Amino acid sequence: MSGRRPVVYSDTTAPLRERTREALADDALAANLRAAGASWGAARTRISAENPFAEMRARAREIRRGDIGDLPELLARLEERVTAAGGVVTRAADADAACRYITDLAAARGATLVAKSKSMATEEIKLNEAIEESGLRVVETDLGEWILQLAGQHPSHIVAPAVHLNKEQVRQVLMAESGWELPTDREALVAHARTRLREVFASADIGISGVNFGVAETGTICVVENEGNARLVTALPRIHVAVMGMERVVRDWDEAAHILQILPMAAIGDDAAGYVNLITGPRAPGEADGPEELHLVILDGGRSALLGTDLEEALDCIRCGACLYSCPMWRSVGGQAYGSPYSGPIGSVLTPLLEGMEGERSSELPFMSSLCGSCHDACPVGIPLHDLLVRVRARVTTTAHRRDRARFRLWSRAWSNPAAYRLSVAMARIGLRLAGRRGWARRLPGPGAEWTSQRDLPTRWPPTPPR
Amino acid sequence: MRAMLMRTCLSDVMAPSVWRATRTVLERAGVEVSVPRRQTCCGQPGWSSGHPDQARRVARTALAAFAGDDPVVVPSGSCAAMVRHGYPELFAGQPEEEAALAMAGRTREFTQFLAEHGLDTGARGSGSATYHDSCHMLRLLGERESGRAALRAVEGVELREMEATDVCCGFGGTFSVNFPEVSGRLGEEKARHAAATGADELIACDLSCLMHIAGRARRTGVPLRVRHIAEVLAG
Ligand code: SF4
């Protein structure tokens, strides 16, 4: 394996703006996103009214700030307790190291089939590609993820990966896979998927899951889900490999209980998740079930570089997906346009941080925000995402941003001088008067062209009313 | 009572009537208003575009122009948020840190200033209006009420709420020209929600949002009149 695996997807070659344009032209996508955003919004409003959400959020923020502050210590404790329970812990510095550990393990155990449950960390390191490159078969068992695997698509949402597709689109994917004619109702499609996936659970040698958080106190791995597939993936195969971003650790069960409560509230507007799997070590002598081996892969992948910086709060994230649903930009274009496993506001912060600021494609992301702050409002751990976006913008080093910096240098020179400022204002007002016809400009040259590509510009104020 | 008026660069360029109306309203309410001549811009365009050094350079002129103890009043939630929320970070560890914190502490968005001091504008009007929550006002300043209260106080004007008032109009400063298509889509949605109330006018505390919404409305054929809240209060 060579070189670092980029976080952004390899098909993300077109500039972000072009991808947003394509997404905006897709009417089915717009309808799917509107429905998803509305149903999340309604559930979230209801649950926030029924619970003291503001206080719970303040407590969650306090917990996560504390955990990240003590991260090295908590990770060491987690490692110690998982090991004591019979698990094997490995720290992976980057995506390649994590993938290599897992493919080497699979080779050493003679595995042929890998069953996976939903995991953003494995998306981030592009584990499926690595497993397939090594000649094994890997099957996603989360319904949404499986559909995307069949369709050759990327997840568009952290929690609901296939939320950009509607029932009919899903049906088409499933029919193409099975070659059968399938009914149109939802229940029947889910039942069909269950049948197809059952053989995978039964014959997989390795089950790979993500980790919502590890509890340092007891070395317990929590996997939260709504379908029951992660329970099978972590229990049936001989070997369970859990892949965890290094920030996903909480101190003790007090904290875990609180996060377990607020996570589904934020994510799906419900006060409990369908399934909470708590895994402490592999099957112990005398126990009836569970895997023979448990491996915990703790991924750094650029995270430790954020510790102690003004971007550290990005590590507080519990991957609930609420900031995505709340984001007007995400709701307009969907997650696929972002070209990263992490979309929406947290994706726009995290992707360039993990990928490196030089990444032309990933460094466009922080600019696709109006900084409206609805993500901060939605975030159950109170991450000031709009502030982080501004801070990440300041660190971007792409050519476009360097050009932009040159322009802003001119701006600051002129506008830090009151006389020059007044002169530029006077000139701009003359320009406006010349550009306007009956109080409006329909097409502007130069830097104004992008403005008038979508809107008219009122050259008189208040604007001349419509006829 | 005395106050210094921050005109804002956008009002200077696009709509001097807005800052003049602000001055009129404040003076009618008995405030002694000064308009510092050496002011330029608060620095927000540079700051939010990821150029803090350039922003700081411009913001320093604001610190100098608005030195003193008098409150600073701004007819823009966004510029007020830049000073109140942005300056502490922009000037952290800088020689001007103390001055920046002090200015942040005495800067108020126009309608917040009216509400805080219980100022009566004695404004009259007629017809109906719908109110747009600009995001920085709503979420960075945490202010949902003062703009509405000022409108409700206008005799003869009926306030009608639109759907999804808390959703961004898509302006977003340079975002509007970096991703014009996404910005335009959101602006159109906002214009349609506003028009659907049947209100005569769309009113907001931020000129920037209004400029964007009105321009998008005109381009997409949505009938919509807009005015800044200061213009309504000035009558
Ligand atoms: S940033 Fe906050 S809202 Fe967004 S996914 Fe993370 S925890 Fe959820």
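**Entry 1: the sheet in chain B**

I looked up the strand order of an open sheet in chain B of this predicted model. The sheet has four strands, in the order E6-E5-E7-E8, and the pairing is parallel. I then noted the edges: strand E6 (155–159) and strand E8 (226–228) of chain B each pair on one side only. For the twist, I read that neighbouring strands of this sheet are turned by 40 degrees against each other on average, with direction ignored.

As background, I note that strands of a sheet pair through backbone hydrogen bonds, either parallel or antiparallel.

**Entry 2: one strand pair**

How many bridges join strand E5 of chain B to E6(B)? I found four, between E6(B) and strand E5, which spans residues 124–132, and the two strands run parallel. I also checked the partner of B:Arg124 and found B:Glu155 of E6(B) standing opposite.

**Entry 3: cavities**

I went on to the enclosed space. The structure holds four cavities of 30 Å³ or more. I followed up the largest, with a volume of about 160 Å³, and the second largest, with about 100 Å³.

**Entry 4: lining of the largest cavity**

Which residues lie nearest the centre of the largest cavity? I noted A:Asp387, A:Val390, B:Trp47, B:His85 and B:Leu140, out of a lining of 15 residues. Next I looked at the helices behind this lining. Helix H17 (385–395) of chain A supplies at least two residues, and so does each of three helices of chain B: H3 (44–48), H5 (77–90) and H8 (135–140). The largest share comes from H5(B), with six residues. I sorted the lining of the largest cavity by class and got six nonpolar, seven polar and two charged residues.

**Entry 5: lining of the second largest cavity**

I repeated the lookup for the second largest cavity. This cavity is lined by 17 residues, and A:Cys327, A:Met329, A:Pro345, A:Ser369 and A:Leu389 lie nearest its centre. Four helices of chain A each supply at least two residues of this lining: H14 (328–333), H15 (344–355), H16 (374–378) and H17. Which helix gives the most to the lining of the second largest cavity? I found that H15(A) does, with three residues. By class I recorded 10 nonpolar and seven polar residues in this lining, and no charged residues.

**Entry 6: cross-check**

I compared the two helix lists for a shared element. H17 of chain A supplies at least two residues to the lining of the largest cavity, and H17 of chain A also supplies at least two to that of the second largest.

Definitions and conventions:
Residues numbered from 1 in each chain as written. Chains lettered and ligands numbered in written order. Predicted model: local features only at pLDDT ≥ 70, side-chain atom pairs only at ≥ 80, totals over all residues. Heavy atoms only, no water. Pairing = 2+ DSSP bridges. Axes fitted to C-alpha atoms, helices over the stretch in contact; angles between N-to-C directions. 1 Å grid on protein atoms, 1.4 Å probe; cavity = no way out; pocket = protein on both sides within 12 Å on 5 of 7 lines; lining within 4 Å. Points joined across faces, edges and corners; volume = space filled by probe spheres on them. Nonpolar A, V, L, I, M, F, W, Y, C, P; charged D, E, K, R; others polar.
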